[in-house]
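Thanks for making the time this morning. I would like to walk through one chain with you, going from overall figures to a few local details, and I will put it on the screen now.

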Amino acid sequence: MRLVWTVMFALASSVAFAASPEDDYIAARDKAIADIAAMESTNASVETLDAANEKARADLEKRLSALLGPFTVKDFPTAGKINIESLSSSDVGFGMLDGLRHGTEDGPSIVASTRGLVEHWLQSRAAETDADLKLPTSFDAALKLDAFYTQAIGSDAAFTGTLDFAVKKPDGADMAIARLGGWAQDIGPNSDQEVVVTVVKGNSVLIAEAPASPPVPKIAACDAAWTAADAAAQKLAKQATDDSDENTSDAANAAWTKGDNDFRACMGKSLPDTPAYPALLAQAQALADHMAGK
């Protein structure tokens, strides 16, 4: 009897500690990153590194396809490409969210992932020592931050939110968050606004982005506030150049940052009163509904 219980305990333990599909994928990804880092340390040629990177990404893409299963969101391609753009820590696009992107970078797209992959990714971001890269481990809290979208689904530009849409959670979904914002490398008014919607349903996590339709209108009062802030900042920057005063330069940057924040706050407050807003809200709701299978 003791032998029977020992065997049963051993079997139960092996099941309890069996690696999940997400664990298997992460192990393969981390090995690929380590292998490429080792090649870089030996000064391998750019061509060799690029070939290794592409081969490893193709392997991870197949693993993700098997892990995620069929993709059936209406109006989006069924085949996806790996969201991570590089496995080299020295490249732009390294460290993006593990998942498959369905669509194009310039048009509508959805990044498909799982709760397990997102949670593991957030844990790695919570360990960051750089304050600009650090994210909370809480999924709910992270989705409210611009830095989440910058790091998860962007690569060479930062996401800045304009406003949050009050979308209705589709039937069967556990969470639905919709935001309006844009990616840019500079602060200030950004006319290229995107509707970004995240839907969590069971173990599935889908993050969609699509150009705002209709385009976000200009609001005179908000533009005027930015113009005034920009003029004040440029005056401080010129003074810094003339006087070689680092403190004045810091003050100029602070003025630009405040002007940008004030501009986006003005847009967020004013947009709901414009004729374009109902259509933008409807676009966000339609994305959420399609992602939930409606």
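How much area does the chain expose, and what percentage of it do carbon and sulfur atoms supply? The exposed area comes to about 15700 Å², and carbon and sulfur atoms supply 57% of that figure. Please keep in mind throughout that this is a predicted model, and that every value I quote has been computed from it.

Let me stay with the whole chain for a moment. There are 294 residues, of which 40% count as buried, and the C-alpha trace spans about 85 × 50 × 40 Å along its principal axes. If we take the contacts with a separation of 6 or more, residues 24 or more positions apart account for 59% of them. On the charge side, the chain carries 25 positive and 42 negative side chains, and the centres of those two sets lie 8 Å apart. The secondary structure comes to 9 helices and 7 strands.

I will take the strands next. What is the order of the strands in the sheet? The sheet is open, has 7 strands and runs in the order 1-2-3-7-6-5-4, with antiparallel pairing. Its edge strands are strand 1 and strand 4, the latter covering residues 158-165, and each of these pairs on one side only. At the strand 1 end, strand 1 and strand 2 pair over 2 bridges in the antiparallel sense, and I82 has L100 in strand 2 as its bridge partner.

Strand 7 deserves a closer look, and I would ask why one can describe it as largely enclosed by the rest of the structure. The reasoning is by burial: a residue counts as buried when its relative accessible area is under 20%, and because 6 of the 8 residues of strand 7 are buried, the strand is largely enclosed. Strand 7 has pairing partners that we can name: with strand 3 it pairs in the antiparallel sense over 6 bridges, where A112 stands opposite L206, and with strand 6 it pairs, again antiparallel, over 8 bridges, where T198 has I207 as its bridge partner. Strand 6 and strand 7 also form a hairpin with 2 residues between them, and G202 in that turn has a positive phi of about 65°. In the loop that leads from strand 7 to helix 7 (220-243) we find P214, and the peptide bond from S213 to P214 is cis, with omega near 5°.

Turning to the helices, helix 3 covers residues 46-68, and its 23 residues reach 32 Å from the first C-alpha to the last, close to the expected 33 Å. Its buried residues are L49, N53, A56, R57, L60 and L64. As a general point, an α-helix has 3.6 residues a turn, so residues three or four places apart point the same way. The buried residues of helix 3 pack against helix 2 (21-41), strand 1 (81-82), strand 2 (100-103) and helix 4 (115-126). Just after the helix, G69 takes a positive phi of about 80°.

Helix 9, residues 277-291, gives us a second check on helix length: at 1.5 Å a residue its 15 residues should span 21 Å, and its end C-alpha atoms are indeed 21 Å apart. The buried residues here include Y277, L280, Q283 and A284, and what covers the buried residues of helix 9 includes strand 3, strand 4, strand 5, strand 6 and strand 7. Just after helix 9, G293 takes a positive phi of about 95°.

I would finish with three exposed residues. Is N43, in the loop between helix 2 and helix 3, buried or exposed? N43 counts as exposed because its relative accessibility is 68%, and its phi is positive, about 60°, although it is not a glycine. D75, in the loop between helix 3 and strand 1, has a positive phi near 75° and is likewise a residue other than glycine; with a relative accessible area of 64%, D75 is exposed. Finally, K269 lies in helix 8 (residues 246-270) and counts as exposed at 70% relative accessibility. The C-alpha atoms of K269 and L163 are separated by 8.0 Å, although the two residues are 106 residues apart along the chain.

Notes. Residues are numbered from 1 along each chain as its sequence is written. Side-chain values use heavy atoms; hydrogens and water are left out. Helices (H or I, at least four residues) and strands (E, at least two) are DSSP runs, numbered from the N terminus. Buried means under 20% relative accessible area, exposed over 50%, partly exposed in between (1.4 Å probe, protein chains only). Contact means heavy atoms within 4.5 Å. Accessible areas come from the Shrake-Rupley method with a 1.4 Å probe; for residues, only the protein chains shown count as cover. Lys and Arg count as positive and Asp and Glu as negative; His and the chain ends are not counted. The place of a charge is taken as NZ of Lys, CZ of Arg, CG of Asp or CD of Glu. The expected span of a helix is 1.5 Å times one less than its number of residues. Two strands pair if DSSP finds at least two bridges between them.
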